[in-house]
Amino acid sequence: MICPLAQVEEVYKTTHGAVYQCSRKNCYWLEFQQTTTAFKVSDFFLFKKRIDTLDITRMLADTSRAADFEIVMPHRTERCFILSVQDILNLREILTGAKFMIELNSEVKKILRKDAMLAI
């Protein structure tokens, strides 16, 4: 659960989860698999990179039971994700959408600052 005192804004949301930004604690909250996990900004992007490197093709081609799931333990969290192929795809969608929205917001702010400077 997200801290009730935190001031969060939705960054990106799907039917499988969401990412929220907390300006009070300067972190991101990931809602996924009925749990909420807090990430420092740099750890959030490292986690996204880790999820992007999971080899789904190998998981699908490997017939052993061990290949059915991936276990991912993000840095500086107490969370352990046990992910099926579908979970990985859902999580990638959430993280990719969130990263895009974060970058888009940053670009919009740059443009607005530049326009404000030109107006002065």
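Colleague: Where along the chain is the place of Ala66?

Modeller: In this predicted model, Ala66 has its place in the loop between helix 2 (56–61) and strand 5 (70–72).

Colleague: Is Ala66 buried or exposed, and how should I read such a label?

Modeller: The label depends on the relative accessible area, where buried means under 20% and exposed means over 50%. With a relative accessible area of 68%, Ala66 therefore counts as exposed. Ala66 can also be placed against Lys40, since the two are 26 residues apart in sequence and 31 Å apart in space, C-alpha to C-alpha.

Colleague: Which elements does the chain have, and in what order do they run?

Modeller: The chain holds three helices and six strands, and from the N terminus on these elements run β-β-β-β-α-α-β-β-α. The C-alpha atoms fill a box of roughly 65 × 30 × 25 Å along the principal axes, and of the 120 residues in the chain, 36% are buried.

Colleague: Is Thr37 buried or exposed, and which residues does Thr37 touch?

Modeller: Thr37 lies in strand 4 (residues 35–40), and it is called buried because its relative accessible area is 6%, under the 20% limit. Not counting residues up to four places away in sequence, Thr37 touches Tyr28, Trp29 and Leu30, and also Thr77, Arg79 and Phe81. For the chain as a whole, among contacts between residues at least 6 apart in sequence, 48% join residues at least 24 apart.

Colleague: How should I read the sign of a phi angle, and which value does Gln33 have?

Modeller: The general idea is that most residues other than glycine have a negative phi. Gln33, although it is not a glycine, has a positive phi of about 55 degrees. Its place is in the loop between strand 3 (27–32) and strand 4, and at 24% relative accessibility Gln33 counts as partly exposed, because that value falls between the 20% and 50% limits.

Colleague: And what is the phi of Arg76, and where does Arg76 lie?

Modeller: Arg76 is not a glycine either, and has a positive phi of about 55 degrees. Arg76 lies in the loop between strand 5 and strand 6 (81–83), and with a relative accessible area of 63% it is exposed.

Colleague: How does one find a pocket, and what volume does the largest pocket have?

Modeller: Rolling a probe the size of a water molecule over the atoms shows where empty space is left. Here the largest pocket has a volume of about 190 Å³, and the elements that give two or more residues to its lining are strand 1 (8–14) and helix 3 (85–119). Helix 3 supplies the largest share of that lining, five residues. Among the lining residues are Glu9, Glu10, Val11, Gln21, Tyr28 and Met101.

Colleague: Where does Glu10 lie, and with which residues is Glu10 in contact?

Modeller: Glu10, one of the residues lining the largest pocket, lies in strand 1. Leaving aside neighbours within four places in sequence, Glu10 is in contact with Val19 and Tyr20. Glu10 and Gln34 are 24 residues apart in sequence and 17 Å apart in space, C-alpha to C-alpha.

Colleague: Finally, how much area does the chain expose, and how far apart are the mean positions of its charges?

Modeller: The chain exposes about 8100 Å², of which carbon and sulfur atoms supply 56%. The chain has 17 positive and 15 negative charges, and the mean positions of the two sets are 6 Å apart.

Key. Residues numbered from 1 in each chain as written. Predicted model: local features only at pLDDT ≥ 70, side-chain atom pairs only at ≥ 80, totals over all residues. Heavy atoms only, no water. Helix = DSSP H or I, 4+ residues; strand = E, 2+ residues; numbered from the N terminus. Buried < 20%, exposed > 50% of the residue type's maximum accessible area, 1.4 Å probe, protein only. Contact = heavy atoms within 4.5 Å. Areas by Shrake-Rupley, 256 points an atom, 1.4 Å probe, with all protein chains shown as cover. Lys, Arg positive; Asp, Glu negative; His and termini not counted. Charge placed at Lys NZ, Arg CZ, Asp CG, Glu CD. 1 Å grid on protein atoms, 1.4 Å probe; cavity = no way out; pocket = protein on both sides within 12 Å on 5 of 7 lines; lining within 4 Å. Points joined across faces, edges and corners; volume = space filled by probe spheres on them.
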